[in-house]
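Visitor: I have this protein open on my screen and would like a close look at a single strand and its surroundings. Could you walk me through one part, slowly, and then show me how the rest of the chain compares?

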Amino acid sequence: MEKIEEQFADLYIVKSSAGTEESTYLLGIDTSKTLQASKGSLVAVLCSNGSIRIYNKERLSILREFSGHPGLLNGVRFANSCDSVYSACTDGTVKCWDARLASEKPVQLFKGYPSNIFISFDISNNDHVICAGTEKVDDDALLIFWDARINSQDLSTAKDPLGAYSEAHSDDITQVCFHPSNPNMVVSGSTDGLVNVFDISVDNEEDALVTTCNSVSSISYIGWSGKDYKQIYCMTHDEGFCWWDLNHLNTDEPITRLNIQDVREVINIKEGPLDYLIGGLYHEKMDKLFVVGGTHTGRIHLMSCTPSGLSHVTSLLGGHAATVRSFCWNTQDDSLLTGGEDAQLLLWKSRALEKTFTKKDSMKIASSVHQRVRVHSNDSYKRRKKTVMLK
């Protein structure tokens, strides 16, 4: 089998998205996972204007667009068993659309408690549970849980939460990520620097907390890695990287595999500087963890991760003209989707013929962080601590 490093180094651009009238950053990407989607795979892209665009993957043409109006959407995920696409909204809901229908109306709403402003979320690998993280409001930063299973009777009403975790974080919960194969395990990250691992099959929050790891900095990205996905890692808003091994929780071995305060200061890249980190990628077949970063001029740097440190693998050049904000790697066909502040969605494939295209000028628009609506309700929610286990 070809080395993953060689696959990365052989990536070329095979398609770029057509331009749109409205200039937006592309902040998040996910692809449909259903078998029938292989005939016409769908891509969902979170845009800085608060909407989600659905693209045809091979043509990168926009099929439809969903809006969270009057709220702004945060995060984008396809369900694992169907073509439903989800996003958390600042209006206190998690919204679900059928990505193959033109209707802009969500097919399902998951309603939070009063004053909730959702800025992160994920759905379990069996599509049974949704978990969303909130901004801190009145000293509370919450993880809210819902039963995500949909039946015909649910479609006409918003679903109320199963319960909430209220003690885990002391500031905005910026990241939520379910385990790739165990629907009961979920990890959360916050601007308080903490990364918490929970087993939600346990009846109460205190006992559900498996462990807490401290990055000592605001969390920008979290993920699972390692054999059976028993490792977790995170990136921070000041470009730090931390990696922990949960196999060592009940042993004398250190749980920390790697802790780098600022990756920019330690990585050596001959193609140019590293300006920021975008996220991580665990290649299950190769059992290797990679870190993805870039430059403000649009270069993408791929770095391999070992307990001894990060090392540069390759750089992708000639694609984006501005900061790259999102990516999605497909291990089935070794393709890569990237999105950036130049409003371009690019499809990269290994061993493909590179197509010549004109780079679009970088657009100067306000960051979505500054665009976020920050209107807090005076209503307070009733603190509830319920089991989120599904019987």
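What follows is a tour of strand β4, with a few stops elsewhere in the chain.

Guide: Happy to! Please keep in mind that this is a predicted model. To set the scene, the protein chain holds 3 helices and 28 strands, and 55% of its 391 residues are buried.

Let's settle on β4, which covers residues 51-56. How many of its residues are buried? The count is 6 of 6, so to speak a strand under cover, as buried here means under 20% relative accessible area. If you turn the strand and look at its two faces, you find S51, R53 and Y55 on one side, and I52, I54 and N56 on the other. Both faces are covered, and the residues on each are all buried.

Next, look at the partners of β4. Strand β3, residues 42-47, pairs with β4 in the antiparallel sense over 5 bridges. To find your place in that pairing, look for V45, which stands opposite R53 of β4. The chain passes from β3 to β4 through a hairpin with 3 residues between the two strands. In that turn sits G50, with a positive phi of about 85 degrees.

Another partner is strand β5, residues 62-67, which runs antiparallel to β4 and is joined to it by 5 bridges. Here the pair to look for is Y55 and I62, which stand opposite each other. β4 and β5 also form a hairpin, this one with 5 residues between them. L60 lies in the turn and has a positive phi of about 55 degrees. As a general point, strands of a sheet pair through backbone hydrogen bonds, either parallel or antiparallel.

Now zoom in on N56, which belongs to strand β4. Is N56 buried or exposed? N56 counts as buried because its relative accessibility is 10%, and the limit is under 20%. A polar atom of the N56 side chain lies 3.0 Å from the backbone nitrogen of E58. Leaving aside residues up to four places away in sequence, N56 touches S41, S61 and L63.

For contrast, go to K285, in the loop between β22 (276-283) and β23 (288-294). K285 is exposed because its relative accessible area is 57%, and exposed means over 50%. In sequence, K285 and T331 are 46 residues apart, while their C-alpha atoms are 8.6 Å apart in space.

Elsewhere you will find an open sheet of 4 strands in the order β18-β19-β20-β21, with antiparallel pairing. Its edge strands are β18 (219-225) and β21 (256-260), each of which pairs on one side only. From one strand to the next, the twist averages 15 degrees. Within this sheet, 6 bridges join β18 to β19, residues 231-236, and S225 has Q231 in β19 as its bridge partner.

Finally, turn to the nonpolar interior. The largest nonpolar core has 32 residues, and those touching the most other members are V187, V195, W224, I232, F241, V263 and L310. A second, separate core has 18 residues, including V292, I300, V324 and F327. In soluble globular proteins, nonpolar side chains tend to be buried together. On the outside, the chain exposes about 17400 Å², with carbon and sulfur atoms supplying 46% of that area.

Notes: Residues numbered from 1 in each chain as written. Predicted model: local features only at pLDDT ≥ 70, side-chain atom pairs only at ≥ 80, totals over all residues. Heavy atoms only, no water. Buried < 20%, exposed > 50% of the residue type's maximum accessible area, 1.4 Å probe, protein only. Areas by Shrake-Rupley, 256 points an atom, 1.4 Å probe, with all protein chains shown as cover. Pairing = 2+ DSSP bridges. Axes fitted to C-alpha atoms, helices over the stretch in contact; angles between N-to-C directions. Core = buried A, V, L, I, M, F, W, Y, C linked by side-chain atoms within 4.5 Å. Polar contact = N/O pair within 3.5 Å; in protein donor to acceptor, adjacent residues only side chain to side chain. Contact = heavy atoms within 4.5 Å.
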